[in-house]
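Student: I would like to work through one helix of this model and its surroundings. Could we begin once the structure is in view?

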Amino acid sequence: MTLRLNEVKPISSPEWVRLSFGADMVLGFSPGRFLKGALNTTINLLQYYPDGCKANCIYCGQAREVSQGPECKTLIRVEWPLRPLNTVLDRIKERQGDPNYGLQRICVGQLAHPRASPDSVEITRRIREKGIELQISELVTATYTSKDDMRKMKEAGGNMIDVAIDAASKRVFDAVRGKPVRSMHSWDRYIHAIDDAVEVFGKKNAGIHLIIGLGETEQEAVSLMLYAHSRGAKISLFAFYPEESTPMENRKPVPLHVYRRMQISRWLIENDLVKAEDFVFDEKGQLVDINLSPDITLQELSGAFLTSGCPGCNRPYSNERPGDRLRNIPWYPNEKQTLNAIKSSRLPLAKRFLN
């Protein structure tokens, strides 16, 4: 029997999802090789809707005025091929537990769309119904996600949740995600969503995404990290890299030395090794020193430069082009890599380890 035209279901989530290009390679949909065998250990899924994302964040290839529809230009610098969810889940189930792939987690990512939260719940439910035992993270757009939505995600099988706040302060948030750029997001709603996420999923099972390089001062970034940690939220750091065709396409990527300072700050904050008064800033808000305990070893500090966020998420090359210095290192850095990273921070503490 042939379906009539109006009976054909449109290509849309939850039946269809986008895969990050690295995840697409791991699941065998696209050919390619990974540097030093550092395969994506997380399968990143992203929702898809025929009417596209409703937000207009000026750094994002999915922004309403950039994409002008559902086509994904890029997101965090990589392509996101569109695949049927059932086919994706079949591939994941085949590969889970196979040491050749090392899969640890699935991340269910939302667009800013009215269907985002119910579809996240449905995608999560289908993952569990398929018999997939990997950890599941929910990456949510607070504008369309209530505390009750978060509860439903957890009940469906989600283990962790991140609020994609991205910007480090209200000043920067409004400038790149709020009303001044014809977008609907609210800083206050995102801040409130951090507490919602922690209450529903528990401390350290909830967190934030923070992009360094959107126009914030280093003092603003450290302040948000201190706040998130005080609320029980973990911190996933990203380095800004300009997306083509966006209003920020001509802005330079965040300098490596700035990102290294923020990585060190995050690691110290999350490990309760510093207090707010231990950070020293100049009059421009640049971090110039950290009062660091002499007991911290080089081996311990190497953890600062690993990809941060949910356990098992290494997201190689989501912050830079292949051949560039890695911002988030997707494997545990050796002593030389750690020393180079500390030196790159240009902080006085580097002398202690380099002597």
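Tutor: Helices (H or I, at least four residues) and strands (E, at least two) are DSSP runs, numbered from the N terminus, and the expected span of a helix is 1.5 Å times one less than its number of residues. The model is predicted, so that local features need pLDDT of at least 70 and side-chain atom pairs pLDDT 80 or more, while totals for chains, interfaces and linings use all residues. Residues are numbered from 1 along each chain as its sequence is written, and side-chain values use heavy atoms, without hydrogens and water.

Student: What distance does α7 reach from its first C-alpha to its last?

Tutor: Helix α7 covers residues 187-201, which makes 15 residues. At 1.5 Å a residue its reach is close to the expected span, and that reach is 21 Å.

Student: Which residue caps the N-terminal end of α7?

Tutor: The cap rests on a side-chain oxygen that lies 3.3 Å from the backbone nitrogen of Asp188, where a polar contact is a pair of N or O atoms within 3.5 Å, one able to donate a hydrogen and the other to accept it, and residues adjacent in sequence count only if both atoms are side-chain atoms. The oxygen belongs to Ser186.

Student: Which residues of α7 make the contact with α5?

Tutor: The axes, lines fitted to C-alpha atoms over the stretch in contact, with angles from 0 to 180 degrees between N-to-C directions, come within 9 Å and cross at roughly 35°. Contact means heavy atoms within 4.5 Å. From α5 come Lys147, Met150, Arg151, Met153 and Lys154, and from α7 Ala193, Asp196, Ala197, Glu199, Val200 and Phe201.
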